[in-house]
Structure formats: structure tokens, C-alpha cells
Amino acid sequence: MLFRHMGRRCALALAAALLAAGFQGQAAAQGTAPLRVILPVSAGSGVDVIVRSAQVALSKALGGQPVVIENLPGAGGITGTQTLVRAAPDGNTIAIVSNNHAVNPSVFKTLPYDSLADITPISVIGGSPFVLVVNPGKVPAKDARELQALLKARPDGYNYGSSGNGTIIHLAGEMFMDEAGVRARHIPYKGTGPMITDIMGGQVEIGVGALAAVQGQIKAGTLRPIGVMGKERVASLPDVPTIAEQGFSGVDVSGWFAAIGPKGMPPAQIRRLHDAIALAFADPEVKAGFAKRDDLLILGSPEDAGKFLKSEQDRYARLVKKANVTLE
């Protein structure tokens, strides 16, 4: 994945950021106004879990400025991102976006904003593995080949959930179906959290989720992992092979998340927020959580973030064209 290489490039950038911001409380709070962090995803999603794990550390890095996290899911992230681009560029509102931000320009015929021109890149924060999971009581398959056989025997006889039409979770499911040469009925949800709840409840049988969002359910046995969607296994699921290992070499997709602000943010505010985010996510407790979830910490520069978002938008345009997913 692209962010894997980016993480190595950004090691020096992170060190510089920590030196620049490595004093306690010097990233002064913006008066009494809290920092509003918009999450264009549902509560319980992978990004939600990750960002909330750093909420206290981020407030501390901002010199005690309160940090308020607001979930605004819907329309594949458009609802929350539209709120972000309309906010004042004063450094008091940011959003943490994920792959959907780069997917949306290709799947929607029109957007109420420009995904690149109407935002200020702050930092790519990290990445998260995706896992293909099933309801163990509804789907007897233990691996990708067995799942392929079931779906071939019953075309459209099973349902797979997603976090919404045209989302990265939708595309990840389509990627597996395409590689396996099978079909299942797509059931879109308004976010990952509701989708996972319904897979566990048996309303849908199959889905893809960020490891942070499904790890607990896998350990509890309420979800069965079929395979990791990226090119490498994850340490916390050592016995779960990748989908590519199981013979579907074209399946390679993982999550990422990045901090952005409204267009026109002053350079001083960009640097202030970037440095505070670098400190917060480098906090030992936050890093320990990343390691436990097999998440990848990147913390790149604003310049790198801008290049990354553009490259991902171009990459997903090719994937969307192959999957033939277009929405109004």
C-alpha cells in the first residue's frame, strides 16, 4: 500500500515535528473555544475508535484546549466533510477523513465541494488493516476458497453489508466478489457500526471492516475472519491468512485516515495543529493502542498529506471504473 512507503519517508518529518512541538502546553489553546473534530463516520467504526483513543492526548498537546469529537456520518462521508469545508478556517475545526474522501469524487456524479481544492491537508495520521468477516452461525465457510464455493453455489443467496454505497468498504467487498467471480446482494448501511451489528445479528452474513472495528468481535467469536484484505498478515491474527495468500492476488486494500481543515487555514494554524496531532498520536498510551490493533502510525507533513490525497484520488478512480460503481 502507498502509505506503507510513506510511513518510512515521514520518520524524519515526525522527529522534526516532535522537536518543534516538544514542549508542554506551548501549543496554546485558541482562547476558550474547543477544537471541533468532525468524524464523517459512525460511532464504533475503525476511525472513530482510533481518534477517540487520542482525544485526551490531543487536548494535552494543545495546551489544555478542549477537544470535542462529533460523528457526522452519511452519504459515504459527504455529510461530515461538507460541514468541515463550510467551517471558519480559524484552526478550531478539523476533520479526520478516511479512504472515502478520495473515493467520493469518482463514485458521485457531483459533490458539494472539491475534495482537494476546498480543504487544507494537515497530516496523514495512519493506516488500518481491513478484514473480510462473516457471521459464523450463518456462513459455514472458514476461508476465502470455501466462501467462494458457497457464493458460487448460491448466486445472490447471501448478503454482504457495507458502510454505504460507493464507500471503500463497498469497493473492498466488490473487489473480492470480482476476484472470486461470485455474486452477493449488497446491503448499504449508514456507517460501519450498524453494519457490524447486523452481521453479528445475522441480518446480513458477510462484510469488510477495519480491524479496529471488528477485533473484539473476532476474539469473542461473534464474527469469523475469512482473510486480511491487504498484502500482509497482522500480528494480532497470526493464523488468519491474507485473501491474496488464498489465491486472490488482486485483493489489496487497507484503510487510512488523515487530518484536514477548511480551505484557507493560515500556515501558523496548520503547523500548530500538525504538531499537536504528532505529539498526541506519538503518546505512549496511544501508540500502545495502535500496536494492539495492528494499526500503522505515519504522521506525515502537510505537504506529504496533500500529495497522498491526490494520489489516492487518482488510484481509486481506476478501481471505481473497474467496479462500475456510479451514484447520483
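A residue counts as buried under 20% relative accessible area, as exposed over 50%, and as partly exposed in between. Asp-156 has a relative accessibility of 26%, so it falls in the partly exposed class. The model to which these values belong is a predicted one. Asp-156 sits in the loop that connects helix H7 (144-153) with strand S6 (159-162). Its backbone is also of note: Asp-156 is not a glycine, yet its phi is positive, at about 60 degrees. As background, most residues other than glycine have a negative phi.

Leu-299 also has a positive phi, near 55 degrees, and is likewise a residue other than glycine. This residue belongs to the loop between S11 and helix H13 (302-323). With a relative accessible area of 1%, Leu-299 is buried.

From these two loops the view can widen to the whole chain. The protein has 328 residues, of which 57% count as buried. Its secondary structure consists of 13 helices and eleven strands. When contacts between residues at least 6 apart in sequence are taken, 80% of them join residues at least 24 apart.

Six of the strands form an open sheet with mixed pairing, in the order S2-S1-S3-S10-S4-S11. The edges are taken by strand S2 (67-71) and strand S11 (296-297); each has a single partner strand, so one side of each lacks a neighbour in the sheet. Within the sheet, strand S4 (residues 119-128) and S10 run antiparallel and are joined by eight bridges. At one point of this pairing, Ser-128 stands opposite Gly-255 in S10.

Another antiparallel pair is made by strand S5 (residues 130-134) and S9, with four bridges between them. Here Val-133 has Pro-225 in S9 as its bridge partner. Strand S9 covers residues 224-228, and five of its five residues are buried. In general, the side chains of a regular strand alternate between the two faces of the sheet.

Among the helices, H12 (residues 284-293) shows how burial can be distributed around an axis. Which of its residues are buried? They are Val-286, Gly-289, Phe-290 and Arg-293. Seen down the axis of H12, these buried residues fall within an arc of 100 degrees, so they line one face of the helix. An α-helix has 3.6 residues a turn, so residues three or four places apart point the same way. The face of H12 turned away from the buried side carries Pro-284, Glu-285, Ala-291 and Lys-292, which are exposed. The cover over the buried residues of H12 includes the helices H3, H4 (55-61), H10 (211-220) and H11 (267-281), together with the strands S10 and S11. Two of these strands, S10 and S11, have already appeared as members of the six-stranded sheet.

Helix H7, which leads into the loop of Asp-156, contains Gln-148. At 11% relative accessibility, Gln-148 counts as buried. Leaving aside residues up to four places away in sequence, Gln-148 touches Ala-180, Val-182 and Phe-248.

The interior also contains enclosed space. There are four cavities of 30 Å³ or more in the structure. The largest holds about 270 Å³ of space. Its lining is made of 26 residues, and those nearest the centre are Val-41, Val-47, Ser-98, Asn-100 and Thr-192. Elements that supply at least two residues each to this lining are helix H3 (46-53), helix H6 (99-107), helix H8 (168-180) and strand S10 (255-262). What classes of residue make up the lining of the largest cavity? It has 15 polar and eleven nonpolar residues, and no charged ones.

The second largest cavity has a volume of about 60 Å³. Residues on its lining include Pro-40, Gly-76, Gly-77, Thr-81, Ile-96, Val-97, His-101 and Asn-104. Strand S3 (93-98) and H6 are the elements that give two or more residues to this lining. By class, the lining of the second largest cavity divides into seven polar, four nonpolar and no charged residues. Val-41, Ser-98 and Asn-100 line the second largest cavity, and they also lie among the residues nearest the centre of the largest cavity.

Notes
Residues numbered from 1 in each chain as written. Predicted model: local features only at pLDDT ≥ 70, side-chain atom pairs only at ≥ 80, totals over all residues. Heavy atoms only, no water. Buried < 20%, exposed > 50% of the residue type's maximum accessible area, 1.4 Å probe, protein only. Pairing = 2+ DSSP bridges. 1 Å grid on protein atoms, 1.4 Å probe; cavity = no way out; pocket = protein on both sides within 12 Å on 5 of 7 lines; lining within 4 Å. Points joined across faces, edges and corners; volume = space filled by probe spheres on them. Nonpolar A, V, L, I, M, F, W, Y, C, P; charged D, E, K, R; others polar. Arc of directions from axis to C-beta. Contact = heavy atoms within 4.5 Å.
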